[in-house]
Amino acid sequence: MIIEIAERIASLPPEEQSQIGPALGCNLKHPKPQPISTENMDLGSQGGARCQCCKAKLKVIKEVRTFTNLGTKEVKDVLVKKVPCVLKQGVTKDEGNDIMEKIKGGVAVME
């Protein structure tokens with residue numbers, strides 16, 4: 001029986017299909033959704049923390065691009081999907097320290 005009803009609904013013109021939801025809500029006596037006010041609510045600093053994390057990632061991506069020949073997508077793939085990974089090989093100790101200093105938003109180890 002449910003399948004028959006669904007087939008009949010599917011065969012209706014779009015303007016009649018759009019009336020089904022409100023009609024069912026009214027006939028089934030579902031309460032109307034009420035808006036929720038966030039006034040006087042402490043939502044914490046969740047948005048700020050996420051924003052800071054995103055800024056740190058962007059900074060690391062930009063810095064890694066400066067000392068590699070990778071594009072933004074490749075750097076994101078390396079940083080997000082293939083961690084831990086080698087970013088650059090055959091560098092001097094000074095150059096390695098410079099790289100590590102630049103990507104302070106991330107974690108780097110020189111071997």
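The following dialogue works through a predicted model of one protein chain and asks how its descriptive terms are earned.

Student: How many helices and strands does the protein chain have, and in what order do the elements run?

Tutor: The predicted chain has six helices and zero strands, and from the N terminus on the elements run α-α-α-α-α-α.

Student: Why is Thr 68 called buried?

Tutor: Thr 68 has a relative accessible area of 13%, and buried means under 20%, so the term applies to Thr 68. Thr 68 is found in the loop between helix 4 and helix 5, the latter covering 72-81. Of the 111 residues of the chain, 9% count as buried.

Student: What makes the approach of the Thr 68 side chain to Val 64 a polar contact?

Tutor: The side chain of Thr 68 reaches the backbone oxygen of Val 64 at 2.8 Å, and a polar contact requires a pair of N or O atoms within 3.5 Å, one able to donate a hydrogen and the other to accept it; the value therefore meets the distance cut-off. A polar atom of the Thr 68 side chain also lies 3.5 Å from the backbone nitrogen of Leu 70, a value at the limit of that cut-off.

Student: Which residues is Thr 68 in contact with, leaving aside its neighbours within four places in sequence?

Tutor: With those neighbours left aside, Thr 68 is in contact with Val 75 and Leu 87. Phe 67, treated in the same way, is in contact with Leu 87, Lys 88, Ile 99 and Ile 103.

Student: What makes up the largest nonpolar core, and which helix gives the largest share of it?

Tutor: The largest nonpolar core consists of seven residues, namely Val 60, Ile 61, Val 64, Phe 67, Val 75, Ile 99 and Ile 103. Helix 4, residues 46-67, supplies the largest share of this core, with four residues. To belong to such a core, a residue must be buried and be joined to the others through side-chain atoms within 4.5 Å. In soluble globular proteins, nonpolar side chains tend to be buried together.

Student: Where does Ile 2 lie, and why is Ile 2 called exposed?

Tutor: Ile 2 lies in helix 1, residues 2-11, and has a relative accessible area of 66%; since exposed means over 50%, the term holds for Ile 2. Together with Met 1, Ile 5 and Ile 9, Ile 2 forms a nonpolar patch on the surface, with about 430 Å² of accessible area together. For the chain as a whole, about 9800 Å² is exposed, and carbon and sulfur atoms supply 58% of it.

Student: How do you know that Lys 93 is exposed while Val 91 is partly exposed?

Tutor: Lys 93, in helix 6 (residues 93-102), has a relative accessible area of 61%, and because exposed means over 50%, Lys 93 is exposed. Val 91, in the loop between helix 5 and helix 6, has a value of 28%, which falls between the 20% and 50% limits and is therefore partly exposed.

Student: What separates the C-alpha atoms of Lys 93 and Glu 111, and of Val 91 and Met 110?

Tutor: Lys 93 and Glu 111, 18 residues apart along the chain, have C-alpha atoms separated by 9.5 Å, and for Val 91 and Met 110, 19 residues apart, the separation is 9.8 Å.

Key
Residues are numbered from 1 along each chain as its sequence is written. This is a predicted model: local features need pLDDT of at least 70, side-chain atom pairs count only at pLDDT 80 or more; totals for chains, interfaces and linings use all residues. Side-chain values use heavy atoms; hydrogens and water are left out. Patches are made of residues with over 30% relative accessible area and no salt bridge: like charges are joined within 9 Å, nonpolar side chains (Val, Leu, Ile, Met, Phe, Trp, Tyr) within 5 Å. Accessible areas come from the Shrake-Rupley method with a 1.4 Å probe; for residues, only the protein chains shown count as cover. A salt bridge is a side-chain nitrogen of Lys or Arg within 4 Å of a carboxyl oxygen of Asp or Glu. Helices (H or I, at least four residues) and strands (E, at least two) are DSSP runs, numbered from the N terminus. Buried means under 20% relative accessible area, exposed over 50%, partly exposed in between (1.4 Å probe, protein chains only). Contact means heavy atoms within 4.5 Å.
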